[in-house]
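Here are my notes on the model you sent round, as numbered points. Have the structure open while you read.

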Amino acid sequence: MGKAADLSEFDRGQIVMARRLGTSITETARVVGCSRSAVVNIHAKWINDGDTSSRRQGVGRPRVIKGKGRRRLSRLVKQNRRQTVAQLTAQYNAGPSASVSEHTVQRTLLDMGLCSRRPTRVPLLTKLHRQLRLQWARKHRDWTMDEWKRVAWSDESRFLIHHVDGRVRERRLPGEQLLPSCTAGHTQAGGGGVMLWGTF
């Protein structure tokens, strides 16, 4: 006997029409060639949802790297966050899991939210620097406003004259690389800059 998920749209329509005409569940199942439970389920779906379409769950290619493999891949990433996809794939395939391609690893990483990003820029501090900063903060945490008013704060910044000091991105079509809006002028030796120092 056919199951509800295996019946065509025509068969489903026959079931609904037969039940609307008062045909019994057993007789409808015999005419269509399916089980009695299929008749009940399809007729109930038509009453509740207004249609009889079959939407199977889980349709599509199954994941190659599943739960346990994903946890292992996450550990490999955290061991060295600057590894390339090729390096991660080689390490993953060296383990007990089934071998996978670089494309599969890349797709899995994206699905896990582990996208490739530029590192966050922070001050270059040694362990000693961090300890000294923490000691300074603890020493001055109870200072009053009058005590802080006697402190001079200073800072310095470098300003380039002809270009920005950092990576610049743009969006352009092939052949547009020489348009004025898509070019960035430069000078020899960087063009110089100005260093400003201020205090308050």
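Where is I161 found? I161 sits in the loop between β1 (154-160) and β2 (193-199). Keep in mind from the start that this is a predicted model.

1. **The loop residue and its patch.** I161 has a relative accessibility of 53%, and the cut-off for exposed is over 50%, so I161 counts as exposed. I161 also belongs to a nonpolar surface patch, which F159, I161, V194 and L196 make together. The patch comes to about 380 Å².

2. **Overall layout.** The protein has eight helices and two strands. Reading from the N terminus, the order is α-α-α-α-α-α-α-α-β-β. Of the 200 residues, 18% count as buried. Keep that figure in mind for the points on individual residues below.

3. **Helix α1, length check.** Helix α1 covers residues 9-20, which is twelve residues. At 1.5 Å a residue, the expected span is 16 Å, and the end C-alpha atoms are 17 Å apart, so the two values agree.

4. **Helix α1, its two sides.** Which residues of α1 are buried? They are D11, R12, I15, V16 and A18. Looking down the axis, these buried residues fall within an arc of 165°, so they line one face of the helix. On the other side of α1, F10 and R20 are exposed. After the helix comes G22, with a positive phi near 95°.

5. **F10 and V32.** F10 is part of helix α1. With a relative accessibility of 60%, F10 counts as exposed because the cut-off is over 50%. As for spacing, F10 and V32 are 22 residues apart along the chain, and their C-alpha atoms are separated by 9.8 Å.

6. **I47 and V16.** I47 is in helix α3 (residues 36-49). The relative accessible area of I47 is 52%, so this residue is exposed. The C-alpha atoms of I47 and V16 are separated by 9.2 Å, with the two positions 31 residues apart along the chain. V16, for its part, is one of the buried residues of α1.

7. **Salt bridge within α2.** How many salt bridges does the count come to? The count is two. One of them joins E27 and R30, whose closest N and O atoms are 2.5 Å apart. The two residues are three residues apart in helix α2 (residues 25-32), so about one helical turn separates them. E27 is partly exposed at 31% relative accessibility, while R30 counts as exposed at 57%.

8. **Salt bridge between α4 and α6.** The side chains of R70 and D111 also meet in a salt bridge, at 2.7 Å from N to O. R70 lies in helix α4 (residues 67-79) and D111 in helix α6 (residues 102-111), so the pair ties together parts that are 41 residues apart in sequence. Is R70 buried or exposed? With a relative accessible area of 14%, R70 is buried, because the cut-off is under 20%. D111, at 46% relative accessibility, counts as partly exposed.

9. **Cysteines.** How many disulfides does the structure hold? The structure holds zero disulfides. As a reminder, a disulfide is a covalent bond between the sulfur atoms of two cysteines. For the cysteines themselves, C34 is at 1% relative accessibility and so counts as buried. C115 has a relative accessible area of 35%, so C115 is partly exposed.

Note on methods. Residues numbered from 1 in each chain as written. Predicted model: local features only at pLDDT ≥ 70, side-chain atom pairs only at ≥ 80, totals over all residues. Heavy atoms only, no water. Helix = DSSP H or I, 4+ residues; strand = E, 2+ residues; numbered from the N terminus. Expected span 1.5 Å × (residues − 1). Buried < 20%, exposed > 50% of the residue type's maximum accessible area, 1.4 Å probe, protein only. Arc of directions from axis to C-beta. Patch = residues over 30% accessible without salt bridge, like charges linked within 9 Å, V, L, I, M, F, W, Y side chains within 5 Å. Areas by Shrake-Rupley, 256 points an atom, 1.4 Å probe, with all protein chains shown as cover. Salt bridge = Lys/Arg side-chain N within 4 Å of Asp/Glu carboxyl O. Disulfide = S-S within 2.5 Å.
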